[in-house]
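Got the structure open in your viewer? Here's a short tour of what to select, stop by stop.

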Amino acid sequence: MDERVHPEVRHVAADIDTMEVRGAATIADAVARALRTQAEESDATDPEAFRAELRAAARALHETRPTAVSLPNALRYVLRGMSSTTVEGLRQDIVTSADDFCQRLDRAQADLGKVGANRLRDGDVIMTHCHSTDALACVEAAVEQGKHIEAIVKETRPRNQGHITAEELADMGVPVTLIVDSAARRYLNDVDHVLVGADAVAADGSVINKIGTSGLAVNARDRGTPIMVASQTLKLHPGTLTGHTVDIEMRDTEEIIDEERREEIGSPKVVNPAFDVTPPRYVDAIVTERGQFPPESIVTLMRELFGEGTSEPWAE
Ligand code: RUB
């Protein structure tokens, strides 16, 4: 790694890589704070060296995981704050834009939660997949409105993020039933809403989220169960406006099976994609802090927010 990258930033990058820090919004918050640290600790003596150091830190953070677009969107937001002509000025620019970003993130999640809560009725049962802070914000807001919500939580192999969801729902006072992923279809009849988050939303309204989301959505559509995606606008993928596709992360196969067991069962090839793509026709609503959108109209919001495309300010 580039030697200009501060040890604390390396630490954050390693935590994202190993999923100690995970989930699109949490990753975005962590990288914004990491750039703030890099700026505060920088001993660059001229503005160009300072800018180059910040770009190096951003690249190190960007290389960790490829799918959650909140990560590059966060880097872009913070780096674009640099407008001063002195090192001290630039340092303050980064501190201000990182703080502003983290505050906006929190506010967006709270606002999104209120929109999502309006879709939930008293007595509703939701089914969740993985762990999404945006999705849980909707449940939390509904509970705060006095609604009784129950949840069927998919465990989400191989990393079992469903356990985190179960724990956080229990803390909100929501009764939880934990199921293995393959039991989802069986229990969809008991469910009023499938509620998931997003790592990225493409210009055509496709939702990129934890592997298994698309199968759940297809099954839910078959059963007539509405599928709600909680996704603050930070997850909108600007590159898809200009024809880029979203890179799906392939993770270590040891997350699924260890080497010894794999050999015992005849050394099959093992693949471990972390995310999948749910086409817009299986999504009923994308809930953002700007209101809810049918997936087909998300492109209008993207154009408003990003224009026709973006460049990467951390590129050399
Ligand atoms: C997390 C995941 C979450 C989204 C949204 O995957 O797929 O649904 O990131 O989360 P992983 P949030 O565990 O591999 O990071 O709403 O918190 O941004």
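We start at the ligand, then visit two backbone oddities.

Before clicking, some housekeeping: residues are numbered from 1 along each chain as its sequence is written, and side-chain values use heavy atoms, with hydrogens and water left out. This is a predicted model, where local features need pLDDT of at least 70 and side-chain atom pairs count only at pLDDT 80 or more, while totals for chains, interfaces and linings use all residues.

**Stop 1: the shell.** Select the ligand and expand to residues with a heavy atom within 4 Å of it. You should get 18 residues, with Arg 22, Ser 132, Thr 133, Asn 209 and Lys 210 the closest. Colour them by class and you'll see six nonpolar, six polar (Gly counts here) and six charged (Asp, Glu, Lys and Arg). Now show the cartoon: α2 (24-41), α6 (133-144) and β6 (207-210) each give the shell at least two residues. Those are DSSP runs, helices being H or I of at least four residues and strands E of at least two, numbered from the N terminus. Domain 1 (7-109) and domain 2 (111-306) each contribute at least three shell residues.

**Stop 2: polar contacts.** These are pairs of N or O atoms within 3.5 Å. Pick Lys 210: an N or O atom of its side chain is 2.6 Å from a ligand oxygen. On the backbone side, an N or O atom of Ala 25 sits 2.7 Å from a ligand oxygen, and a polar backbone atom of Gly 23 is 3.0 Å from one. The ligand has 460 Å² of accessible area on its own, and the protein covers 100% of that (Shrake-Rupley, 1.4 Å probe).

**Stop 3: backbone oddities.** Most residues other than glycine have a negative phi, and most peptide bonds are trans. Jump to Cys 130, in the loop between β1 (125-128) and α6: its phi is positive, near 65 degrees. Last, select Arg 157 and Pro 158, joined by a cis peptide bond with omega about 0 degrees. Pro 158 lies in the loop between β2 (150-154) and α7 (161-171).

Terms used:
Polar contact = N/O pair within 3.5 Å; in protein donor to acceptor, adjacent residues only side chain to side chain. Domains from an automatic or database assignment.
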